[in-house]
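Colleague: I'd like to go through the side chains and hear the reason behind each label. Please keep it relaxed and show me how you get to each answer.

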Amino acid sequence: MANQKSLLLTYIIWLIWGWLGLHHLYLGRDIQAFIWWSTIGGVFGLGWFRDLWRIPEYVDDANEERFFVEELKRKIKLRGEPAFSVTRFSGQMLVGYF
C-alpha cells in the first residue's frame, strides 16, 4: 500500500486541528470532516472527544488493513441492516438540524 496513514500524525492533527475535522480530511473521510467543520468539532466538541479512542479504527480503515476489512465483512454478514439506535438517530437529527 503506497500511501499509508500514520497513527501518530493523525493524533497530532486531531489534537491541534481536530475541531475543524482536519484529521478526517487526512484520512480521506471528507463527509465526516464537513460535519466536524459545520458543527464545531462534531456537535460542539463531543465528536472531537469521541475520536480520541476511535482514531486507531479510522487509520486501519484508511490503510485498508486486512484484519479490519475481514472484521467489517464479518460484522456486516452477522448483523445485516443496523438495528435502531437512539444514539444514532439523535446524531442524525442533530447533523440534519445543523
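**Rings, patches and charges**

Colleague: What separates F34 and W37 in helix α3?

Modeller: About one helical turn, because F34 and W37 are 3 residues apart in helix α3, which covers residues 30–38. Keep in mind that this is a predicted model.

Colleague: How many aromatic pairs are there, and what makes F34 and W37 a tilted one?

Modeller: The count comes to 5 aromatic pairs. For F34 and W37, the ring centres are 5.9 Å apart, and a pair needs centres within 6.5 Å, so they qualify. The angle between their planes is 40 degrees. Stacked needs under 30 and edge-to-face needs over 60, so this pair is called tilted.

Colleague: Why is F34 called exposed?

Modeller: Its relative accessible area is 52%, and exposed means over 50%, so F34 makes it. W37 gets that label too, with 53% relative accessibility.

Colleague: What makes F84 and F89 a tilted pair?

Modeller: The centres of F84 and F89 lie 5.9 Å apart, with 45 degrees between the planes. That angle is neither under 30 nor over 60, so tilted it is.

Colleague: Are F84 and F89 buried, partly exposed or exposed?

Modeller: F84 counts as exposed, at 65% relative accessibility. F89 has 41%, which falls between 20% and 50%, so F89 is partly exposed.

Colleague: Which rings are linked into a cluster?

Modeller: Y11, W14 and W48 are, through ring pairs.

Colleague: How do you know that K5 lies over the face of Y26?

Modeller: K5 is 4.8 Å from the ring centre of Y26. The distance limit is 6 Å, and the charge must also be within 35 degrees of the ring normal. R29 is listed in that way over the face of Y58, at 3.8 Å from the ring centre.

Colleague: Which residues form the nonpolar patch on the surface?

Modeller: L8, L9, I12, L15, I16, W17, L22 and L25, with about 740 Å² of accessible area together. The elements that give two or more residues to the patch are α1 (7–17) and α2 (22–26). Helix α1 gives the most, with 6 residues.

Colleague: What makes W17 suitable for that patch?

Modeller: W17, which lies in helix α1, has a relative accessible area of 41%. A patch residue needs over 30%, so W17 clears that bar.

Colleague: On to charges: why is the contact of D61 and R29 called a salt bridge?

Modeller: Side chains of opposite charge can pair when their charged atoms come close. The side chains of D61 and R29 meet at 4.0 Å, N to O. The pair links distant parts of the chain: D61 is in helix α5 (residues 46–62), while R29 is in the loop between α2 and α3, 32 residues apart. The cut-off is within 4 Å, so the contact counts as a salt bridge.

Colleague: Why is R29 called buried?

Modeller: R29 has 16% relative accessibility, and buried means under 20%, so the word fits. D61 is partly exposed, at 35%.

Colleague: How many salt bridges are there?

Modeller: The count is 3 salt bridges. One of them joins R54 to E57, with the closest N and O atoms 3.2 Å apart. R54 and E57 both lie in helix α5, about one turn apart. Another joins R74 to E71, at 2.6 Å, and that pair lies in helix α6 (residues 66–79), 3 residues apart.

Definitions and conventions:
Residues are numbered from 1 along each chain as its sequence is written. This is a predicted model: local features need pLDDT of at least 70, side-chain atom pairs count only at pLDDT 80 or more; totals for chains, interfaces and linings use all residues. Side-chain values use heavy atoms; hydrogens and water are left out. Rings of Phe, Tyr and Trp (its six-membered ring) pair if their centres lie within 6.5 Å; planes under 30 degrees apart count as stacked, over 60 as edge-to-face and the rest as tilted. Helices (H or I, at least four residues) and strands (E, at least two) are DSSP runs, numbered from the N terminus. Buried means under 20% relative accessible area, exposed over 50%, partly exposed in between (1.4 Å probe, protein chains only). Patches are made of residues with over 30% relative accessible area and no salt bridge: like charges are joined within 9 Å, nonpolar side chains (Val, Leu, Ile, Met, Phe, Trp, Tyr) within 5 Å. Accessible areas come from the Shrake-Rupley method with a 1.4 Å probe; for residues, only the protein chains shown count as cover.
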